[in-house]
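User: I would like a close look at a single part of this protein, with its packing partners and some residues from the surrounding helices. Please take it slowly and connect the pieces as you go.

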Amino acid sequence: MGLSNARCGAEARSDTQACPDARTQSRTEEHAAAVGLGCAPDRPDAPVPAGTSPHPDALARANAAKGDAARTPLHVPSTQRGGNRRAVLATLIVAGLLLILVVVAGRLVWDAACVTDFSAKNLAPSLAHPFGTDQMGRDMLLRTLAGLSTSLFVGALAAAASGVLALAFALIAAFGGRVGDAVVSWLIDFVMSIPHIVLLLLISCALGRGAFGVTVGLMLTHWPSLARVLRAELLQLKSAPWLAATEALGVSRIRIALTHVVPAFVPQLVVGVVLAFPHVILHESSLTFLGFGLSLDEPALGVILAEAMGFLTAGMWWQALLPGAVLAACVLLLDHVGGLLRALSSSHAVQE
């Protein structure tokens, strides 16, 4: 009798333990049937009964939350809501207006930059003279603006001329046959093998120095790099099917180059010229600083820095530091503009 009572107690306990699982299974089946029939809302955020798999949307949200928690600032995409192209265009417009303003301001203060006042010579920077004065009492801010205007004008002229020269040599290399390609390649290697400063000195001295000699020297020494890039692009374009079809129709090579190839390479040419602009300005200032560039009576940055070198030991630091900082800022701005133009000409780089 005792044995049977113990057996009944064990069976009752096993039934009691099995009852929750049975009730859970029954509730799960009822919920699944109701969802399948559309009688119950299939909410991803609803509590999931035991023994069932979570909703796919809930899994996706959980994984996204984990990814957001583990994301660092380096993983944040740089694409802005308004588009990077608009920001690039706005920056280019602001930079272009700033450069134009500097050139115009330099031309307007050209005469005032040459006015001497020996009673106010070697003055430190102040409200009346933000950049101080030099050994002849001339305002350094006005001289810096006039010199920067001169450097920008000479640099723009030399960079544009070197771009046209690079495009001409690239066209000769692409459409001049093997002989033309070999001659252009040899010229590129020859010019690039000579240091810029040495070749600039030779050309400038041969042409009598001054603005003309500097401009021609800069033009003849800054075309090889751009010509090499344009030559490679033209040789790749030459194998295009539409160009081969144009040649098969009997169109001359000169007409193909002028009406089809040149318009297609205007963006690359503009970017190359703008990227060469800061190098041209630096080389012009360096050549003038060495005494083989612009004449000493012109307010050029190279002349200003060359004159200031003799007064640095006397503690007149502003005569060289401030104009040099302006020159460095201008070069960095032009380099940034060139990078933005290169990104703007590429549909992929502008969204990076």
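Analyst: What follows looks at helix H14 and its packing partners, and then at individual residues in other helices.

The model is a predicted one, and its secondary structure consists of 14 helices and zero strands, so that reading along the sequence gives the pattern α-α-α-α-α-α-α-α-α-α-α-α-α-α. Of the 352 residues in the protein, 34% are buried. Among the contacts with a separation of 6 or more, 68% are between residues 24 or more positions apart.

Two packed helices are described by the angle between their axes and the distance between the axes. Helix H14 covers residues 318-344, and its packing can be followed through three partners, namely H13, H12 and H5.

Helix H13, which spans residues 301-308, packs against H14 at an angle of about 155°, the two axes being 9 Å apart. Because angles over 145 degrees count as roughly antiparallel, H13 is described as roughly antiparallel to H14. The crossing in which H13 passes H14 is left-handed. On the H13 side the contact is formed by Leu-301, Ile-304, Leu-305 and Ala-308, and these meet Gln-319, Ala-320, Pro-323, Gly-324 and Leu-327 of H14. Sorted by class, this contact has seven nonpolar and two polar residues, with no charged residues.

The second partner is H12, which spans residues 266-289. The axes of H12 and H14 come within 8 Å and cross at roughly 165°, which makes H12 roughly antiparallel to H14. H12, too, passes H14 in a left-handed crossing. From H12 the contact draws on Val-270, Val-271, Val-274, Leu-275, Phe-277, Pro-278, Ile-281, Leu-282 and Ser-285, while from H14 it draws on Leu-327, Val-331, Leu-334, Asp-335, Val-337, Gly-338, Gly-339, Leu-341 and Arg-342. By class, these residues divide into 13 nonpolar, three polar and two charged. Leu-327 of H14 takes part in the contact with H13 and also in the contact with H12.

The third partner, H5, spans residues 140-175. The axes of H5 and H14 come within 11 Å and cross at roughly 35°, and this crossing is right-handed. Met-140, Thr-144, Leu-148 and Leu-152 of H5 make the contact with Gln-319, Pro-323, Val-326, Cys-330 and Leu-334 of H14. There are seven nonpolar residues and two polar ones in the contact of H5 with H14, and no charged residues. Gln-319 and Pro-323 of H14 meet H5, and both of these residues also meet H13; Leu-334 of H14 likewise meets H5 as well as H12.

Some residues in these and other helices fill in the surroundings. Leu-141 has its place in H5 and is partly exposed, with a relative accessible area of 27%. Its C-alpha atom is 8.1 Å from that of Pro-323, although the two residues are 182 residues apart in sequence. Leaving aside neighbours within four places in sequence, Leu-141 is in contact with Pro-130 and Phe-131.

In H12, His-283 counts as buried at 16% relative accessibility, because buried means under 20% relative accessible area. Apart from its neighbours within four places in sequence, His-283 is in contact with His-196, Ile-197, Leu-200, Leu-218 and His-222.

Helix H8, made of residues 210-221, holds Thr-215, a buried residue with a relative accessible area of 13%. When residues up to four places away in sequence are not counted, Thr-215 touches Val-154, Leu-157 and Ala-158. The C-alpha atoms of Thr-215 and Ala-156 are separated by 9.6 Å, and the two residues are 59 residues apart along the chain. The side chain of Thr-215 also reaches the backbone oxygen of Ala-211, at 2.7 Å.

Finally, Asp-181 lies in H6, which covers residues 177-192, and Asp-181 is buried, with a relative accessible area of 18%. Not counting residues up to four places away in sequence, Asp-181 touches Ile-172, Ala-173 and Arg-231.

Conventions
Residues numbered from 1 in each chain as written. Predicted model: local features only at pLDDT ≥ 70, side-chain atom pairs only at ≥ 80, totals over all residues. Heavy atoms only, no water. Axes fitted to C-alpha atoms, helices over the stretch in contact; angles between N-to-C directions. Helix = DSSP H or I, 4+ residues; strand = E, 2+ residues; numbered from the N terminus. Parallel < 35°, antiparallel > 145°, perpendicular 65-115°, else oblique. Left-handed = near helix turned anticlockwise from the far one by under 90°. Contact = heavy atoms within 4.5 Å. Nonpolar A, V, L, I, M, F, W, Y, C, P; charged D, E, K, R; others polar. Buried < 20%, exposed > 50% of the residue type's maximum accessible area, 1.4 Å probe, protein only. Polar contact = N/O pair within 3.5 Å; in protein donor to acceptor, adjacent residues only side chain to side chain.
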